[in-house]
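Colleague: I have a new model to learn from. Shall we go through it by question and answer?

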Amino acid sequence: MPDFDTSVPHIARVYDYWLGGKDNFAADRELGEKTLAAYPNLVFSVRANRAFLARAVRFLAAEAGIRQFLDIGTGIPTANNTHQVAQRIAPQSRIVYVDNDPIVLSHAQALLKSAPQGACAYLDADLRDPDMVLAAAADTLDFGLPVAVMLMAVMHFVGDDDEAAAIIRTLTAACAPGSFVTISHVASDIDTEQQTELVRRLNQSVAEKATMRDRAGVTRLFDGLELVEPGVVRVSEWRPDSDLEAASPTGLWGGVARKV
Ligand SMILES: C[S@@+](CC[C@H](N)C(=O)[O-])C[C@H]1O[C@@H](n2cnc3c(N)ncnc32)[C@H](O)[C@@H]1O
């Protein structure tokens with residue numbers, strides 16, 4: 001069992017609490033409530049993020065023909081994890097999950113229940129060392145074929161713009177043409193006042209500090225790639241399945257782009 005301190009809130013467990021999960025402790029629930037008080041739409045916002053993840057993976061597997069996924073900043077397993085959505089469409093899909101949080105590692109078994117035709121792997125690794133991530137992921141993924149890099153609600157933990165851009169450049173440089181990058185990111189220009197307070201309360205207590213970016217800043221993370229329609233939008237507005245889904249409040253920008 002990995003070693004982790006349950007008396008200190010952790011972002012993966014607080015996020016689990018916002019999503020209505022059970023893998024959290026008193027300190028996480030306390031911060032969860034404190035942040036929800038700052039931004040009451042947060043529950044809808046994180047659900048909209050998970051729904052975006054599922055629609056993006058469905059698009060990538062069903063429409064773009066992607067069979068390999070590198071999901072960095074995976075989080076504690078919940079409903080519709082990347083491999084479940086992808087393998088429902090293409091059971092031969094291969095998925096590598098990456099997170100640097102020991103509690104996510106402790107749940108890795110749930111992420112490794114691959115369809116027999118495909119493969120799932122878990123890496124206990126840091127996004128800030130993309131070369132190491134790529135080297136280890138190459139045991140499972142063939143970088144000579146297209147890969148979808150999923151960076152869901154994780155790039156806001158890399159506050160420095162140059163570092164964030166360099167990480168994404170390194171990841172995409174290793175991927176074959178026809179690969180994709182999906183990003184969702186907390187927005188500084190949606191519900192600004194409430195989200196600023198939310199992030200302030202979060203950053204007071206968790207080790208991984210979040211930095212909000214505006215729509216232009218999130219769009220710049222896709223530099224050198226070709227955004228697919230509808231571009232960088234509120235995550236609930238990215239190819240929604242219904243008007244109801246599109247109308248969900250969310251404080252996150254999201255988009256999907258192709259390496260040409
Ligand atoms: C807000 S959760 C998002 C979970 C999932 N991707 C989603 O969108 O539903 C962010 C996750 O990123 C992980 N994370 C944060 N910084 C990271 C880093 N530098 N390297 C790897 N994982 C990181 C956290 O441990 C956490 O599990």
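Modeller: Gladly. This is a predicted model. We begin with the lining of the largest cavity, whose residues divide into 23 nonpolar, twelve polar and seven charged.

Colleague: How many residues line the largest cavity?
Modeller: The structure holds one cavity of 30 Å³ or more. About 620 Å³ of space lies in the largest cavity. Nearest its centre are Ile11, Ala153, Val154, His156 and Phe157. The residues that line the largest cavity number 42.

Colleague: Which element gives the most residues to the lining of the largest cavity?
Modeller: Several elements give two or more residues: helix H1 (11-18), H3, strand E1 (68-72), strand E2 (94-99) and helix H9 (192-205). One of them gives six residues, the most. That element is H3.

Colleague: How many residues of H1 are buried?
Modeller: Buried means under 20% relative accessible area. Ile11, Ala12, Arg13, Val14, Tyr15, Asp16 and Trp18 are the buried residues of H1. What covers them includes helix H2 (26-38), H3, helix H5 (102-106) and H9. H1 is mostly covered, and its count of buried residues, out of eight, is seven.

Colleague: What is the phi of Gly20?
Modeller: Gly20 follows H1. Its phi is positive, near 85°.

Colleague: Is Ala153, with its relative accessibility of 16%, buried or exposed?
Modeller: Ala153 lies in the loop between strand E4 (148-152) and H8. Its phi is positive, about 50°, although Ala153 is not a glycine. The cut-off for buried is under 20%. Ala153 has 16% relative accessibility, so it counts as buried.

Colleague: What class of exposure does Asp191 get?
Modeller: Asp191 sits in the loop between E5 and H9. Asp191 is not a glycine, yet it has a positive phi of about 45°. Buried ends at 20% and exposed starts over 50%. At 34% relative accessibility, Asp191 therefore counts as partly exposed.

Colleague: Why are such phi values worth pointing out?
Modeller: Most peptide bonds are trans. As for phi, in most residues other than glycine it is negative.

Colleague: Which residues does the cis peptide bond join?
Modeller: Look in the loop between strand E6 (226-227) and E7, where Pro230 lies. Omega of the cis bond is about 5°. The bond joins Glu229 and Pro230.

Colleague: What kind of pair do the rings of Phe59 and Phe180 make?
Modeller: A search of the whole structure finds four aromatic pairs. In this one, the ring centres of Phe59 and Phe180 are 6.0 Å apart and the planes are at 90°. Planes over 60 degrees apart count as edge-to-face. So the pair of Phe59 and Phe180 is edge-to-face.

Colleague: How many residues apart are Phe59 and Phe180?
Modeller: Phe59 is in helix H3 (residues 42-63), and Phe180 is in strand E5 (residues 180-186). Phe59 is buried at 8% relative accessibility, and Phe180 is buried at 3%. The pair links distant parts of the chain, with a separation of 121 residues.

Colleague: What kind of pair do the rings of Phe59 and Trp238 make?
Modeller: Both Phe59 and Trp238 are buried. Trp238 is in the loop between strand E7 (233-234) and helix H11 (243-246), 179 residues from Phe59. The ring centres of Phe59 and Trp238 are 5.7 Å apart, with planes at 75°, so the pair is edge-to-face.

Colleague: Which residues form the aromatic cluster?
Modeller: Phe59 takes part, along with both ring partners just described. One more phenylalanine joins them. The cluster is Phe52, Phe59, Phe180 and Trp238.

Colleague: Which helix gives the most to the lining of the largest pocket?
Modeller: The largest pocket holds about 280 Å³ of space. Its lining has 16 residues, with Ala165, Arg169, Arg220, Leu221 and Asp223 closest to the centre. Helix H8 (161-173) and helix H10 (215-220) each supply at least two. With seven residues, the one that gives the most is H8.

Colleague: What is the radius of gyration of the chain?
Modeller: The chain has eleven helices and eight strands. Buried residues make up 54% of its 260 residues. A compact globule with 260 residues would have a radius near 18 Å. The chain agrees with that, at 17 Å.

Definitions and conventions. Residues numbered from 1 in each chain as written. Predicted model: local features only at pLDDT ≥ 70, side-chain atom pairs only at ≥ 80, totals over all residues. Heavy atoms only, no water. 1 Å grid on protein atoms, 1.4 Å probe; cavity = no way out; pocket = protein on both sides within 12 Å on 5 of 7 lines; lining within 4 Å. Points joined across faces, edges and corners; volume = space filled by probe spheres on them. Helix = DSSP H or I, 4+ residues; strand = E, 2+ residues; numbered from the N terminus. Phe/Tyr/Trp six-rings, centres within 6.5 Å; stacked < 30°, edge-to-face > 60°. Buried < 20%, exposed > 50% of the residue type's maximum accessible area, 1.4 Å probe, protein only. Rg over C-alpha atoms; globule rule 2.2 N^0.38 Å. Nonpolar A, V, L, I, M, F, W, Y, C, P; charged D, E, K, R; others polar. Contact = heavy atoms within 4.5 Å.
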